[in-house]
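User: I'd like to learn how to read a structure like this one. Could you walk me through a few features?

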Amino acid sequence: MNSMDLNPVVRLGMVLGALLCLLPMAGSAAEPEAPVFRAGAARANITPPLGCDIVGNFEVPKATYVHDDLHVRCLVLDDGTTRLALVLCDNLGVDQNVFDEAKRRLQELTSIPPEHILMAAIHTHSGPAARVSKCPGGYGEFTAYQQFMVDRIVDGVQCAITNLEPAQIGWGRGEEPSQVNNRRWHLSDPALMVSPFGAQDQVRMNPPRAHAALVEPAGPTDPEIVFIAVRSVDGRPIALLANYSLHYVGGVPGGHISADYFGAFADRIQQLLGADRQEPPFVGMLSNGTSGDINNINFRVPTPKREPYEQIHRVANMVAAEVFRVYQTVEFKDQAKLGGRLARLTLGVRKPDEAQVQWANEILAKPEAEVDIVKRSYAHRTLNLLDCPDHVDVWVQALRIGDAGVAGIPFETFAETGLRLKAESPLPVTFTISQANGGFGYLPTPAQHELGGYETWLGTSKVAVESEPAIVDTLFRQFAELAAE
Ligand SMILES: [Zn+2]
């Protein structure tokens, strides 16, 4: 039977019945509907062609092999009023103008304002260059890869928006102290702590392993793993964004493209959550916390023998196992207040003094074979800074995701800065994403600057010594505002 066989009165009754079904059944007509919390996630491939430069070390080999693809991983959250986008790029560090352009286009296409979009690099040391500016803030034309990255970020966020669905959100906090080590050490032998400029430092980055001169690390580690998880209303995992303060793992053969342990974590947590081959696909994300002075090397013991990628999988599996353990206890909620603040901060650019300029010129005047690669690199960096503008404008960002506060700092930030933000934040749980909204090198605290060492050297550290406290103060102001909303 079809409706054409029915008499007109019966047909009218069926139409009215169907219309009534479309009206909201709960509450009176005057009562506004409660806002629905939604989440969507997506990733976009950003693997470059073979033959590109692999950056992250003093040597720059050409890419000869793709071990695992590089991605932009995107999470979009919507509380019914405010929409946030979090974007992680499988890259070492990205110039601010690349992220700015992606944000500009996203605002045009999706109406999400820049203060509600956080973009960051995970800091793999096995990928192509997306940070090419010689001066802090001095940008030229985009390279082909930078333009490609902009396009893929914009694609990824739009796909995440397409995947938005009613969702629940929760957070958890675990620990993995065994894989984080402070890499700046006090040593008993001053000869082991001389800078390329010939100055006497008080600490050394990456001292010789199991060496008799090791005294103690110059700073703390942050063993915490924080995560935010979103799932569909029937319990299907949508995405999980974790944060751990470990620089990277490495153990990747030269010329390989890899997302390091960040990519391996994303795969492993997907497997543990039973979220393989889902529709839409689950997106695992591991952001880089405050790891400017933290690495995966236990300096007290000799180097263990490892196969390529073995340590990457060991660490990724450990971090994912801890997240999965805590995941069982997460209290998922139907709503989370979202918010964001973005501030423009003007920082001084460090400049070489006359003696340093003279040293650099002397180094570069010598035949290349006579000077080691580190000294030559710092001589170039010293002269570059001489020609740079005196100031640079950087973004400092804070997001609120329910109980959680997320700080975005465009530097390789030290663990003690992250620990302070966690301890003094007004929100119940707080973490920092480094290399966010740009990349301007290391951000030692003023006390660590006093000690010297690699991260503080002119050219590694490019902004004024008092930059760290200025950034932290800004973040506390932003968190206070967000917590009061
Ligand atoms: Zn690094």
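**The metal site and the sheet**

Analyst: Let's start at the metal: the zinc ion is coordinated through NE2 atoms of His123, His125 and His247, at 2.0 to 2.3 Å. Donors here are N, O and S atoms within 2.8 Å of the metal (3.2 Å for Na, K and Ca), and water is not among the atoms, so sites may look incomplete. Before going on, note that this is a predicted model: local features need pLDDT of at least 70, side-chain atom pairs count only at pLDDT 80 or more, and totals for chains, interfaces and linings use all residues. Residues are numbered from 1 along each chain as its sequence is written, and side-chain values use heavy atoms, with hydrogens and water left out.

User: How are the donor residues of the zinc ion spaced in sequence?

Analyst: The pattern is H-x1-H-x121-H. Histidine 123 and histidine 125 are both buried, meaning under 20% relative accessible area (exposed is over 50%, partly exposed in between; 1.4 Å probe, protein chains only).

User: Next, the sheet. In what order do the strands of the open sheet run?

Analyst: In general, strands of a sheet pair through backbone hydrogen bonds, either parallel or antiparallel. Here 8 strands line up as β5-β4-β3-β1-β6-β11-β12-β14, with mixed pairing. Because β5 (117-121) and β14 (283-288) each have a single partner strand, they stand at the edges, and one side of each has no neighbour in the sheet. From one strand to the next, the twist averages 20°. Strands are DSSP runs of E, at least two residues, and helices are runs of H or I, at least four, numbered from the N terminus; two strands pair if DSSP finds at least two bridges between them.

User: In which sense do β4 and β5 pair?

Analyst: Strand β4 (residues 83-89) and β5 are parallel, over 5 bridges. Valine 87 has methionine 119 of β5 as its bridge partner.

User: And helices: which residues of α8 are buried?

Analyst: The general idea first: an α-helix has 3.6 residues a turn, so residues three or four places apart point the same way. In α8 (residues 415-424), the buried ones are Ala415, Thr417, Gly418, Leu421 and Lys422. They lie on the same side of α8 because they cover an arc of only 165° around the axis, taken from the directions from the helix axis to the C-beta atoms.

User: Where is isoleucine 46, and is it buried or exposed?

Analyst: Isoleucine 46 sits in the loop between β1 (38-45) and β2 (65-66). Isoleucine 46 is buried, with a relative accessible area of 0%.

Technical notes
Axes are lines fitted to C-alpha atoms, for helices over the stretch in contact, and angles run from 0 to 180 degrees between N-to-C directions.
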